[in-house]
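Student: Could we go through this model together? I would like to begin with the interface.

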Amino acid sequence: MYGDLGSKLVLEAKRAQQLSQSSGSDQLPLYQDDLVRNILREIAHLKKNAEILKSQQELENFDNKVAKCQYFVTLLCMERNKRCLLAYQKLRSDALDAAAWNRNGLDTASSLSAAKDGSSNLSHHEQEYLKDYVQLITDMKSGDYTDIDLSGSLTPPSDVFIDVRVLKDAGEIQTEYGVFNLIKDSQFFVRQADVERLIQQGYLQKL
Amino acid sequence: MGYYDIDDILADAAKFPCRFNYAVPGLGYLEGNVGEEIKKNAKVELPLWLARILAIVGGDEDADPDAEGALPFVELLAPEILSSRVMNAIKSSPVALDVHSINAHFYALAVKWATLFDDRELVRVLNYMLLERTREIHNHAASGTLGGAPSTFMLTLDEFEKKLYRDTHSGCKETRRWIVRK
């Protein structure tokens with residue numbers, strides 16, 4: 001019956017939600033292109049039904065309770081499908097927003113494609129959206145709040161200096177505060193503010 | 001219970017038994033036979049998102065409430081999940097009740113039903129049930145580990161209670177970690 005496809009899509013969304021909750025990563029599963037397309041087809045079908053009902057009403061002066069009921073059921077099915085589609089899309093865009101805040105715009109705005117390895121899982125429109133949203137974040141950071149790193153860590157700083165260990169070889173990396181030679185398994189005693197971003201990117205591990 | 005709430009949408013898909021108060025042609029697909037009319041007094045299982053509205057609209061506002069035309073399109077019949085059998089089970093022992101096997105969205109559905117019919121008795125029972133079960137949930141969340149072997153009680157939680165458990169558990173865990181690190 002109508003609306004079953006929508007439920008399937010929402011179940012898919014639920015699974016994605018649970019996945020990100022349990023693993024803690026912001027990986028998104030593949031966009032359900034076929035399912036969404038089928039739901040849209042169903043909505044188009046319902047719309048045609050509604051139009052037929054409407055023209056029938058005008059022709060036969062069928063304006064009674066029964067016609068109203070038919071019209072109403074058709075309308076409600078469309079509403080339901082709309083809600084399912086929107087909820088699915090909202091969940092995904094929330095995940096995209098979170099990813100944009102957490103991973104992109106770090107340091108000197110590292111390139112988008114490298115940071116988002118799930119790019120191929122996104123629909124074309126979502127890729128556009130993500131790009132524009134990252135642009136929005138960049139605009140906001142370069143506006144009035146330039147002296148605060150808005151996408152920085154939300155854990156309150158407890159120490160000024162920390163020990164860090166290098167997890168990945170990255171050669172010589174220039175940060176705003178100086179040059180580090182990141183050789184795997186070496187340790188540094190540095191100011192936390194300097195290496196915050198390298199920790200977020202996964203080059204360093206805090207000790 | 002937001003518009004975009006996944007669990008709310010899933011709860012809305014639960015089927016409730018309904019009886020049609022009118023014969024409606026062309027709605028046979030609700031019963032499984034496409035293209036035919038649905039008969040008066042036909043019993044159909046409708047998802048809540050459809051049944052909820054159809055149970056409200058249909059009656060003429062200006063008509064006499066006893067007259068034929070005043071009935072809404074469908075009449076909602078008492079569902080299995082809120083039958084007196086279940087109510088008695090809740091009253092006797094909320095903690096031992098397997099809520100998940102009744103319905104995975106039991107609370108959400110019960111709240112919707114209570115709102116629809118202004119059912120004070122049901123609200124009272126639900127309050128009691130939630131209070132009793134919350135105590136047990138908190139005990140599990142504060143002591144147990146998420147990865148450990150699940151006890152039988154954990155398998156009886158419905159979706160709302162699972163969320164409650166998850167939040168409590170992570171709260172307790174994070175606090176403990178912070179204290180140890182200090």
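Student: How many residues of chain B are in contact with chain A?

Tutor: In this predicted model, where local features need pLDDT of at least 70, side-chain atom pairs count only at pLDDT 80 or more, and totals for chains, interfaces and linings use all residues, 32 residues of chain B are in contact with 28 residues of chain A; contact means heavy atoms within 4.5 Å. Residues are numbered from 1 along each chain as its sequence is written, chains are lettered from A and ligands numbered from 1 in the order in which they are written, and side-chain values use heavy atoms, with hydrogens and water left out.

Student: And which three residues supply 24% of the area that chain B buries against chain A?

Tutor: They are B:Y3, B:I6 and B:W49, and no other three residues supply more. The area buried between the two chains is about 2,800 Å², with 71% of it given by carbon and sulfur atoms. Buried area is the accessible area (1.4 Å probe) that two parts lose on being put together, summed over both.

Student: How many salt bridges are there between chain B and chain A?

Tutor: The count is four, a salt bridge being a side-chain nitrogen of Lys or Arg within 4 Å of a carboxyl oxygen of Asp or Glu. The side chains of B:D12 and A:R83 meet in a salt bridge at 3.0 Å, N to O. Across the interface there are also eight residue pairs in polar contact, both residues at pLDDT 80 or more. A polar contact is a pair of N or O atoms within 3.5 Å; within protein, one must be able to donate a hydrogen and the other to accept it, and residues adjacent in sequence count only if both atoms are side-chain atoms.

Student: Which elements give two or more residues to the side of chain B that touches chain A?

Tutor: Those are α1 (6-12), α2 (48-54) and α7 (159-181) of chain B, and the largest share, six residues, comes from α1(B). Helices (H or I, at least four residues) and strands (E, at least two) are DSSP runs, numbered from the N terminus.

Student: Changing topic: how many aromatic pairs does the structure hold?

Tutor: There are nine over all chains. Rings of Phe, Tyr and Trp (its six-membered ring) pair if their centres lie within 6.5 Å; planes under 30 degrees apart count as stacked, over 60 as edge-to-face and the rest as tilted. One of them is edge-to-face, B:F106 with B:Y107, at 6.1 Å centre to centre and 80 degrees between the planes. Another, B:W113 with B:F117, is tilted, at 4.6 Å and 40 degrees.

Student: Where do B:W113 and B:F117 lie?

Tutor: Both lie in helix α5 (residues 106-117) of chain B, four residues apart, about one turn of the helix. Ring pairs link B:F16, B:W113 and B:F117 into a cluster.

Student: Is B:W113 buried or exposed?

Tutor: B:W113 counts as buried because its relative accessibility is 10%, whereas B:F117, at 41%, counts as partly exposed. Buried means under 20% relative accessible area, exposed over 50%, partly exposed in between (1.4 Å probe, protein chains only).

Student: Now chain A. Where is A:T74 found?

Tutor: A:T74 is found in helix α3 (residues 65-102) of chain A and is buried, with a relative accessible area of 4%. A polar atom of the A:T74 side chain lies 2.7 Å from the backbone oxygen of A:Q70. Leaving aside neighbours within four places in sequence, A:T74 is in contact with A:L46, A:N49, A:A50 and A:L53.
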